[in-house]
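The exercises below are meant to be worked through with the sequence and the coordinates open side by side. Try each task before reading the solution that follows.

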Amino acid sequence: PGLEDRSPHAEAALDRAQGLLDRGRPDLALPQLHYALRLDARLYRAHYLLGHCYYELGEYELEASEYAKCLAINPDYPSALVALGHCSLSLDRLEDARDAYARYLELRPRDGRVLYNLAQVQQDLGDEAASRALFRRLAKLESRSE
């Protein structure tokens, strides 16, 4: 079965969790997401939403762990890649942030916000040449959008 073959009960739990998150209730979304994962451990979106819950609850190590689980199932999920980049940056894990942002940009090369973040991370890691190249790429992108 592929990534899209889901149990209707698991899908309903994901929808309930999303609604709870949208209403600012990550505490109530957590059990829905754990239930969905008990029904189908391959639900990468459940791990992504768990990461978001943990972010809202201030549990940043758990947040990073859930994004990593999401990406282990679906390595091309852009939302999880950018979220992992931001989370890694906030945890001062610059190499992890660099890797997540770089992978995200392979999928979405015209995202100026992530280009900027990656350029800053490269600068903080001491790779001035990579940082300058990313800033040049960002400038070209911005000049095309004017």
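A residue is called buried when its relative accessible area is under 20%, exposed when that area is over 50%, and partly exposed in between. The model used throughout is a predicted one.

**Exercise 1. Describe the overall build of the protein, beginning with its helices and strands.**

Solution. Begin with the secondary structure: the protein has eight helices and zero strands, and reading along the sequence gives the pattern α-α-α-α-α-α-α-α. Next, consider the extent of the chain, whose C-alpha atoms fill a box of roughly 50 × 30 × 30 Å along the principal axes. Then turn to burial and surface: of the 146 residues, 42% are buried, while the protein exposes about 7900 Å², with carbon and sulfur atoms supplying 50% of that area. Finally, for the contacts with a separation of 6 or more, 45% are accounted for by residues 24 or more positions apart.

**Exercise 2. Determine which helix gives the largest share of the largest nonpolar core.**

Solution. Start with the core itself, which holds 44 residues; Leu14, Leu33, Leu43, Tyr48, Tyr77 and Tyr101 are the ones that touch the most other members. Then ask where the members come from: helices H1 (8–22), H2 (26–39), H3, H4 (60–73), H5, H6, H7 (112–124) and H8 (128–144) each supply at least two residues. The largest share, seven residues, comes from H3. As background, nonpolar side chains in soluble globular proteins tend to be buried together.

**Exercise 3. Decide whether His47 is buried or exposed, and find its contacts.**

Solution. First locate the residue: His47 sits in helix H3, which spans residues 44–56. His47 has a relative accessible area of 10%, and because this is under 20%, His47 counts as buried. Last, setting aside neighbours within four places in sequence, the contacts of His47 are Leu37, Ala41, Glu66, Lys69, Cys70 and Ile73.

**Exercise 4. Examine two of the aromatic pairs and classify each by its geometry.**

Solution. The count of aromatic pairs comes to five. Take Tyr44 and Tyr77, whose ring centres are 5.0 Å apart with 70° between the planes; the pair is edge-to-face, because edge-to-face applies to planes over 60 degrees apart. This pair links distant parts of the chain, with Tyr44 in helix H3 and Tyr77 in the loop between H4 and H5, 33 residues apart. Both Tyr44 and Tyr77 are buried. Now take Tyr55 and Tyr60, which form a tilted pair, 6.1 Å centre to centre and with 55° between the planes. Tyr55 is partly exposed because its relative accessible area is 42%, and Tyr60, at 36% relative accessibility, also counts as partly exposed. To finish, note that ring pairs join Tyr44, Tyr48, Tyr67 and Tyr77 into a cluster.

**Exercise 5. Find what sets the phi of Asp92 apart, and place Asp92 in the chain.**

Solution. Recall first that most residues other than glycine have a negative phi. Asp92, by contrast, has a positive phi, near 60°. Asp92 belongs to the loop between helix H5 (78–90) and helix H6 (94–107). With a relative accessible area of 59%, Asp92 is exposed.

**Exercise 6. How far apart are the mean positions of the positive and negative charges?**

Solution. Count the charges first: the protein has 19 positive and 24 negative ones. Their mean positions are then found to lie 4 Å apart.

Key. Residues numbered from 1 in each chain as written. Predicted model: local features only at pLDDT ≥ 70, side-chain atom pairs only at ≥ 80, totals over all residues. Heavy atoms only, no water. Helix = DSSP H or I, 4+ residues; strand = E, 2+ residues; numbered from the N terminus. Buried < 20%, exposed > 50% of the residue type's maximum accessible area, 1.4 Å probe, protein only. Contact = heavy atoms within 4.5 Å. Core = buried A, V, L, I, M, F, W, Y, C linked by side-chain atoms within 4.5 Å. Phe/Tyr/Trp six-rings, centres within 6.5 Å; stacked < 30°, edge-to-face > 60°. Areas by Shrake-Rupley, 256 points an atom, 1.4 Å probe, with all protein chains shown as cover. Lys, Arg positive; Asp, Glu negative; His and termini not counted. Charge placed at Lys NZ, Arg CZ, Asp CG, Glu CD.
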